[in-house]
Amino acid sequence: MTARAPRSAAALPPEQAAPLRRALTDSRDVTVFVDGTAHRLPDEAQAAVVDLLARLSDGDSVQVTSVAELLTTSQAAELAGISHSYLRKLTDAGTLPVEYRGSHRRLRRSDVEEWLRGQLRRRDVPSGPATGDLPADETR
């Protein structure tokens with residue numbers, strides 16, 4: 001997932017807000033057009049778009065931002081195929097970024113997937129003379 005900066009929009013002027021408000025009140029059929037092609041949105045996305053438009057029609061300024069999927073340490077360990085304790089060591093060492101919700105660790109799915117891709121790249125690189133040693137961050 002590409003990180004995008006939040007986008008803000010100022011409140012609509014009354015002459016634009018009133019017709020939008022009427023349209024939203026009179027219909028629940030919301031279709032998005034991109035380059036002249038109609039796209040029907042899934043219910044969750046449609047509800048988010050209607051909410052955004054309703055806020056604009058009410059004269060509110062709005063801000064749109066993305067929300068990263070956060071995983072518990074158990075979910076992240078399962079995704080990575082490693083033990084829960086090893087995952088905690090990776091977060092303690094700063095190898096995997098972690099966010100705290102109170103005392104609970106949360107990891108972004110994208111960070112875990114990037115770490116996994118890095119591990120696969122490291123394994124694909126031929127090692128020196130058959131030492132058989134694993135890199136330090138791969139020991140458990």
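In this tour, two residues are in contact when they have heavy atoms within 4.5 Å of each other. With that in mind, start with the whole chain, which is a predicted model. Among contacts between residues at least 6 apart in sequence, 54% join residues at least 24 apart.

**Stop 1: the whole chain**

Show the protein chain as a cartoon and you can pick out five helices and seven strands. Trace them from the N terminus and the order is β-α-β-β-α-β-β-α-α-β-β-α. Now switch on the surface: the chain exposes about 10200 Å², with carbon and sulfur atoms supplying 52% of that area. Of the 140 residues, 20% count as buried.

**Stop 2: a loop with an unusual backbone angle**

Select D35, in the loop between strand 2 (31–34) and strand 3 (37–40). Its phi is positive, about 50 degrees, even though D35 is not a glycine. Is D35 buried or exposed? It counts as exposed, because its relative accessibility is 79%, over the 50% cut-off.

**Stop 3: helix 4**

Next, select residues 84–92, which make up helix 4, and show the side chains of Y86, L87, L90 and T91: these are the buried residues of the helix. They lie on the same side of helix 4, because they cover an arc of only 140 degrees around its axis. The general rule behind such a pattern is that an α-helix has 3.6 residues a turn, so residues three or four places apart point the same way.

Turn the view to the face directed away from this buried side, and you will find K89 and D92, which are exposed. R88 also belongs to helix 4; it counts as partly exposed because its relative accessibility is 32%. If you draw a distance from the C-alpha of R88 to that of V98, 10 residues apart along the chain, the viewer should give 9.6 Å.

What covers the buried residues of helix 4? The cover includes helix 3 (73–80), strand 7 (104–108) and helix 5 (109–124).

Before leaving, zoom in on T91, which is part of helix 4. T91 counts as buried because its relative accessible area is 7%, under the 20% cut-off. Leaving aside residues up to four places away in sequence, T91 touches L96, V98, R105 and L107. Just beyond the helix, look at G94, which follows helix 4 and has a positive phi near 85 degrees.

**Stop 4: strand 7 and its partners**

Move on to strand 7 and colour its side chains by face. R105 and L107 point to one face and are buried, whereas H104, R106 and R108 point to the other and are not.

Strand 7 has a partner in strand 6 (residues 99–101): the two run antiparallel and are joined by three bridges. In this pairing, R101 sits opposite H104. Strands 6 and 7 form a hairpin with two residues between them, and G102 in the turn has a positive phi of about 70 degrees.

Now add strand 5 (residues 70–72), which also runs antiparallel to strand 7, with three bridges between them. Here T72 is the residue opposite R106.

**Stop 5: helix 5**

Select helix 5 next. It has 16 residues and spans 23 Å from its first C-alpha to its last, close to the 22 Å expected at 1.5 Å a residue. Which of its residues are buried? They are V112, W115, G118 and Q119. These four are on the same side of helix 5, because their arc around the axis is only 120 degrees. L120 and D124, on the other side, are exposed. The buried residues of helix 5 pack against helix 3, helix 4 and strand 7.

**Stop 6: the core**

To finish, make one selection of L71, A76, A77, A80, I82, Y86, L87, L90, L96, L107, V112 and W115: these 12 residues form the largest nonpolar core. Helix 3, helix 4 and helix 5 each supply at least two residues of this core.

Within that selection, centre on L96. Not counting residues up to four places away in sequence, L96 touches L87, L90, T91, L107, D111, V112 and W115. Two of the residues on that list will look familiar: L90 from the buried side of helix 4, and W115 from the buried set of helix 5.

Technical notes: Residues numbered from 1 in each chain as written. Predicted model: local features only at pLDDT ≥ 70, side-chain atom pairs only at ≥ 80, totals over all residues. Heavy atoms only, no water. Buried < 20%, exposed > 50% of the residue type's maximum accessible area, 1.4 Å probe, protein only. Arc of directions from axis to C-beta. Expected span 1.5 Å × (residues − 1). Core = buried A, V, L, I, M, F, W, Y, C linked by side-chain atoms within 4.5 Å. Areas by Shrake-Rupley, 256 points an atom, 1.4 Å probe, with all protein chains shown as cover. Pairing = 2+ DSSP bridges.
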